[in-house]
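Reader: I'd like a close look at one part of this model, the place where the ligand sits. Could you walk me through it in one go?

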Amino acid sequence: MLFKVEMTVRLPATMPAAEADALKKTEREVAQGLMRDGTWRHLWRVAGRYANVSIFDVDSVEQLHQLLSGLPLFPYMDVEVVPLCRHPSSIRDDDR
Ligand SMILES: O=C(O)C[C@H]1C=CC(=O)O1
């Protein structure tokens, strides 16, 4: 099942830089692990914002929720999830 997920990160201005850097480093490691195993298919920066648009390939909504809520930056994110299905006009065979 494919989902478009938009994550907007809002770290508190009062968070010490070292704590923010550590969270971002751990987040990157988790994200790259999920990208390597194919679960986090795409990760794009939204230009001009501390936000991303991602495509996840998961087995269930529960798996997606578990994954998103386990991200190190999750407590500081606004997350919007949109379910996707194949477009009948698509000529790609990697979008199902
Ligand atoms: O930077 C972000 O958009 C937040 C988050 C998503 C992946 C990652 O490494 O950090």
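Reader: To start with the polar side of things, how far is an oxygen atom of the ligand from an N or O atom in the side chain of Asn 52?

Author: Sure, and keep in mind that this is a predicted model. For Asn 52, the distance from a side-chain N or O atom to an oxygen atom of the ligand is 2.9 Å. The protein covers 89% of the 280 Å² of accessible area that the ligand has on its own. Arg 45 makes a similar kind of approach: an N or O atom of its side chain is 2.7 Å from an oxygen atom of the ligand.

Now for the rest of the surroundings. Besides Arg 45 and Asn 52, the residues around the ligand include Glu 27 and Arg 28, along with Val 9, Ala 31, Trp 40, Leu 43, Tyr 50 and Leu 73. Sort that shell by class and you get 6 nonpolar residues, 3 charged ones and 1 polar one. As for where these residues come from, helix 1 (17–36) gives at least two of them, and strand 2 (40–45) also gives at least two. If you're hunting for pockets, the space the ligand takes up is the largest pocket.

Zooming out a bit, the protein has 2 helices and 4 strands, and along the sequence they come in the order β-α-β-β-α-β. The C-alpha atoms fill a box of roughly 50 × 25 × 20 Å along the principal axes. There's also a record to go with this: an unreviewed UniProt entry annotates residues 1–89 as "domain: Muconolactone isomerase". Over those residues, 1–89, the chain is 33% helix and 33% strand, with the end C-alpha atoms 19 Å apart.

Key: Residues numbered from 1 in each chain as written. Predicted model: local features only at pLDDT ≥ 70, side-chain atom pairs only at ≥ 80, totals over all residues. Heavy atoms only, no water. UniProt positions renumbered as here; feature names shortened; annotations may be inferred. Near = heavy atom within 4 Å. Polar contact = N/O pair within 3.5 Å; in protein donor to acceptor, adjacent residues only side chain to side chain. Areas by Shrake-Rupley, 256 points an atom, 1.4 Å probe, with all protein chains shown as cover. 1 Å grid on protein atoms, 1.4 Å probe; cavity = no way out; pocket = protein on both sides within 12 Å on 5 of 7 lines; lining within 4 Å. Sits in = over half its atoms within 2 Å of the grid points. Nonpolar A, V, L, I, M, F, W, Y, C, P; charged D, E, K, R; others polar.
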